[in-house]
Amino acid sequence: MTLELDADVLVVGGGPAATWAALKAAEDGASVVLADKGYCGTSGATASGGTGVWYVPPEPESREKAMASREGLGGYLADRRWMARVLDETYDRVNELAEVARYPFPVGPDGAPLRNGLQGPEYMRRQRIRVRRAGVRILDHSPVTELLTTEDGVVAGAAGHQRQADRAFRVRSGAVVLATGGCAFLSKALGCDVNTGDGALFAAEVGAELSGMEFSNAYGIAPEHTSVTKTAFYNYATFYRADGSVLDGAGSQRGRSVIARTLLASEKVFCKLDRADEAARKAMRLAQPNFFLTFDRLGVDPFTQPFAVTLLAEGTVRGTGGIRIVDDGCATTVPGLYAAGDAATRELICGGFTGGGSHNAAWAMSSGSWSGRAAARFARALGPSAAQRPVRAAGGAGLRPTGATSSVSAAEVVSAVQAEVLPYDKNYLRHGDVLRTALGRLDGTWSAVRSGLRAEGAELVRARQAAAMVAHARWMYTSALARSESRGMAKRLDFPDLDPAQHFRITSGGLDEVWARPQEVAA
Amino acid sequence: MIELVSAARCVTCDKCVAVCPTNVFDRGPDGVPVISRQQDCQTCFQCEANCPTDALFVAPQTHPLPAESFAHDEEHLRRTGLLGSYRRDIGWGRGRTPGAARAVGPALSPSGPPLIS
Ligand SMILES: Cc1cc2nc3c(=O)[nH]c(=O)nc-3n(C[C@H](O)[C@H](O)[C@H](O)COP(=O)(O)OP(=O)(O)OC[C@H]3O[C@@H](n4cnc5c(N)ncnc54)[C@H](O)[C@@H]3O)c2cc1C
Ligand code: SF4
Ligand code: SF4
């Protein structure tokens, strides 16, 4: 039996972007359903990782400094008007967390409250409570698998599979907010295995566009064979070779590529946080208890004992590419469809540089809040009969194969994609020739998925995740090839310099035929 | 990965079954959760943080550990304080102060604020 629900607004996802969207839509008077693949409160990158937040008091000098800080790193693709809006909205939302949600922010040595970061479990636990109190119906363990549209292509809900209840569900709504996070390709980076780029696939299936998909090769440092990609404290690190000599040029902020190159040469890279003094060591434990979980359980003292490190792909979680946004309410190019958080492009505030460390968290709160309010308004304008509109299901790959036989499994597809996007010599240290070969293979994988990936029930979710990952990888490499220069994190070995003539964003889309084209940056 | 469910400590509250983002557990016939899909575990430590009786242990490795591993030795984990250490450090549980309130870290640049997450 299918679970059938109606709502003004359906929010897909359960992380910060989704919870802010649900809260603001509900405050606006909308009836809201929130469907999360995992559990709203523990699922997603923030809940496990925790985030520094771009929280800057509204003093002109501090704001100016904040906006200028990543402009060059981002290849001058960010937009000052959007930065200013995000700084304003984030300031208000973080203060709301302190004053309304009673998030226990710490107090600094000078007695002033500190609000520039959020512990993941504490933040998201409180967001869940608030969302419930606002009257939102939460569906946990309810991955959405496709969007529903009206005859004329307006998004009007979504369908999915409740994996614990083992039944299908369908929500018909006036508007949909996609807040499904980025795509980290099941790399096991902290909290990211729920982030398989599903929202981008759903969006592309109804004709929405993506932007900045070349900025998709973020890699996080973690101790070898572990998951915790918290990287701030590697600022205190020295990196070593196996023989104990210092690995020249290796570092966390600049010099991660040196680590990648050394690992590629089949050499291990070791690390010690030996530049932290006693006071810093104590304080670090308080700031990031999750960072120390790994070391304590491995029995390693990271300050005095060398440990081997690896780099885990974080794709568009700490990259900046995602669904293209076309107005201040985070609408996509498709009516009724909104995008927020990592599912949306973050180029508007980060350009081509990582949004990790502060911007992404600010974007999730801001875009979440805006999209929730805009979706509520859109639904209200449709009137109460919106849920009665006839709808059709929009999903393709992995759901409705074009061939008669099932010829490939989701697990095979996942392995095939990972082989093209995880290796540092393909995705991190990019070269046109390598990208073209990888893209050719990914196109082949897509054809196989389109004709012969078939699944039912709970397995359907795995099939759709696999399809979403292939689609993501193809937009990434098509966009990376469209930029014959190095800008932001989209660096090319064959085009090592920035080319002023390519000061544009790259829009992409399509499924069977993938395309990418330059898009002017608003002045 | 999740490596240990202590039947002796578990109060069959189903919390871990509910909160695991990747749906690793099933409720067992006696109410004690069963690790049904360990390969899906993303080593996020959320189940541990939410277990009211510290009945779970997540090893830091992202691959399964052999039977004789420390991660299956409940007595060792208890003695070394590792069992329930995450919940303790984030200050969850009766009578504890949320870790967030104490989370004043070092500043990463001389002019920057202390890191609090
Ligand atoms: C280790 C780590 C540390 C980080 N540190 C920082 C930092 O210090 N500062 C900063 O700004 N950013 C940081 N980031 C990035 C930041 O965590 C993300 O930008 C942020 O979590 C984005 O929020 P979100 O709500 O868009 O996505 P997420 O928090 O990833 O949530 C996505 C949600 O969507 C759900 N979902 C996925 N697919 C579906 C589907 N098909 N149906 C239903 N639900 C679905 C998931 O279950 C999940 O609940 C960090 C990331 C990592 C991995
Ligand atoms: S560590 Fe995370 S993914 Fe693994 S069982 Fe626990 S909650 Fe689930
Ligand atoms: S959360 Fe702990 S006590 Fe509750 S069912 Fe799981 S293991 Fe048992």
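This passage describes chain B, the contact between chain B and chain A, and the surroundings of three ligands in a predicted model.

Chain B contains four helices and four strands, and its elements, followed from the N terminus, are arranged in the order β-α-β-β-α-β-α-α. Taken along the principal axes, the box filled by the C-alpha atoms of chain B is roughly 55 × 30 × 30 Å.

The two chains meet at an interface in which 47 residues of chain B are in contact with 56 residues of chain A. The size of an interface is often given as the accessible area lost when the parts come together. For chain B and chain A, the area buried between them amounts to about 4,100 Å², of which 60% lies on carbon and sulfur atoms. On the side of chain B, the residues that lose the most area to chain A are Gln42(B), Ile116(B) and Ser117(B), which together account for 16% of what that side buries.

Polar and charged groups also take part in this interface. Between chain B and chain A, two salt bridges are found; one of them links Arg462(A) with Asp40(B), and the closest N and O atoms of this pair are 2.6 Å apart. In addition, 26 residue pairs, with both residues at pLDDT 80 or more, are in polar contact across the interface of chain B and chain A. The elements of chain B that each contribute two or more residues to the side touching chain A are the helices α1 (15–19), α2 (46–50) and α4 (85–89), together with the strand β4 (56–58). Sorted by class, the side of chain B that touches chain A comprises 29 nonpolar, 13 polar and five charged residues.

Ligand 1 is surrounded by 41 residues, of which Asp36(A), Ser43(A), Thr46(A), Arg318(A) and Ala361(A) come nearest. Oxygen atoms of ligand 1 are approached by both side-chain and backbone atoms of chain A: an N or O atom in the side chain of Thr46(A) lies 2.6 Å from an oxygen atom of the ligand, a polar backbone atom of Gly52(A) is 2.8 Å from an oxygen atom of ligand 1, and for a backbone N or O atom of Gly14(A) the corresponding distance is 3.3 Å. Taken alone, ligand 1 exposes 990 Å², and 98% of that area is buried by the protein. Two or more residues of the shell around ligand 1 come from each of α1 (16–27), α2 (45–49), β3 (51–52), α6 (198–205) and α12 (359–382) of chain A, and among these α12(A) gives the most, with four residues. By class, the shell around ligand 1 is made up of 14 nonpolar, 21 polar and six charged residues.

The two other ligands have residues of chain B as their closest neighbours. Around ligand 2 there are 14 residues, the closest being Cys20(B), Cys41(B), Gln42(B), Cys44(B) and Cys47(B), and this shell divides into 10 nonpolar and four polar residues, with no charged ones. Gln42(B), listed here beside ligand 2, is also one of the residues of chain B that lose the most area to chain A. Ligand 3 is surrounded by 13 residues, with Cys10(B), Cys13(B), Asp14(B), Cys16(B) and Cys51(B) as the closest, and the shell around ligand 3 consists of nine nonpolar, two polar and two charged residues.

Key:
Residues are numbered from 1 along each chain as its sequence is written. Chains are lettered from A and ligands numbered from 1 in the order in which they are written. This is a predicted model: local features need pLDDT of at least 70, side-chain atom pairs count only at pLDDT 80 or more; totals for chains, interfaces and linings use all residues. Side-chain values use heavy atoms; hydrogens and water are left out. Contact means heavy atoms within 4.5 Å. Buried area is the accessible area (1.4 Å probe) that two parts lose on being put together, summed over both. A salt bridge is a side-chain nitrogen of Lys or Arg within 4 Å of a carboxyl oxygen of Asp or Glu. A polar contact is a pair of N or O atoms within 3.5 Å; within protein, one must be able to donate a hydrogen and the other to accept it, and residues adjacent in sequence count only if both atoms are side-chain atoms. Ala, Val, Leu, Ile, Met, Phe, Trp, Tyr, Cys and Pro count as nonpolar, Asp, Glu, Lys and Arg as charged, and the others, Gly among them, as polar. A residue is near a molecule or strand if one of its heavy atoms lies within 4 Å of it. Accessible areas come from the Shrake-Rupley method with a 1.4 Å probe; for residues, only the protein chains shown count as cover.
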